[in-house]
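Hi,

Here is the structure I promised to pass on. Have a look at it first, and then read my notes underneath.

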Amino acid sequence: MDNFVYILYSKKLDKHYIGFTENLTQRIEFHLNDTQSRKFTYKADDWKLIFTIQCESKNQGLSIEKHIKSMKSKIYVRNLLRYPEMKFKLLEKYKGAPDFQSESR
């Protein structure tokens, strides 16, 4: 199975959405066709996939997702886009990441 960390961007909201999935195509479709108003991506209809990292494992992906979210920074996300070497550093930093006790997404 593929494991991806991804970032969506809405120009309308000027917001980013950071997520993890084991099926990128299906997950992007879910966000673009979201009809559940309680979900964050429901707030806009112009989400664009702007960044992906393919991870070796679910644990690595969840660790990278958590790291990016913890930065709480548009500047950090912009730097991920601007400096491709950051992607490789994240993959190396979280190689062999510990198990997460979470449900599949």
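Let me start with a single residue: Asp14 counts as partly exposed, because its relative accessibility is 32%, and partly exposed covers the range between 20% and 50%. You'll find Asp14 in the loop that links β1 and β2. Its backbone is worth a look too, since Asp14 is not a glycine and still has a positive phi, about 50 degrees. Please keep in mind that this is a predicted model.

Lys72 is another non-glycine residue with a positive phi, here about 45 degrees. Lys72 also sits in a loop, the one between α2 and α3. With a relative accessibility of 75%, Lys72 counts as exposed, as the cut-off for that is over 50%.

Now for the overall picture. The protein has four helices and three strands, and along the sequence they come in the order β-β-α-β-α-α-α. Its radius of gyration is 14 Å, close to the 13 Å that the globule rule gives for 105 residues, so the protein is as compact as a globular protein of that length. Along the principal axes, the C-alpha atoms fill a box of roughly 35 × 30 × 20 Å. If you take the contacts between residues at least 6 apart in sequence, 65% of them join residues at least 24 apart.

What about the inside? Of the 105 residues, 40% count as buried. The largest nonpolar core is made of 18 residues, and those with the most contacts inside it are Val5, Ile7, Ile53, Ile64, Ile68, Leu80 and Leu90. At least two residues of this core come from each of β1 (3-10), β2 (15-21), β3 (47-55), α2 (58-71), α3 (74-82) and α4 (85-93).

Which residues does Leu80 touch, leaving aside its neighbours within four places in sequence? Leu80 is in contact with Ile7, Phe51, Ile68, Met86 and Leu90. There is also a second, separate core, which has eight residues, among them Phe4, Tyr6, Tyr17 and Ile28.

Last, the outside and the charges. The protein exposes about 6,800 Å², and carbon and sulfur atoms supply 50% of that area. Counting side chains, there are 20 positive and 13 negative ones, and the centres of these two sets lie 7 Å apart.

Happy to go through any of this with you.

Cheers

Methods. Residues numbered from 1 in each chain as written. Predicted model: local features only at pLDDT ≥ 70, side-chain atom pairs only at ≥ 80, totals over all residues. Heavy atoms only, no water. Rg over C-alpha atoms; globule rule 2.2 N^0.38 Å. Buried < 20%, exposed > 50% of the residue type's maximum accessible area, 1.4 Å probe, protein only. Contact = heavy atoms within 4.5 Å. Areas by Shrake-Rupley, 256 points an atom, 1.4 Å probe, with all protein chains shown as cover. Lys, Arg positive; Asp, Glu negative; His and termini not counted. Charge placed at Lys NZ, Arg CZ, Asp CG, Glu CD. Core = buried A, V, L, I, M, F, W, Y, C linked by side-chain atoms within 4.5 Å.
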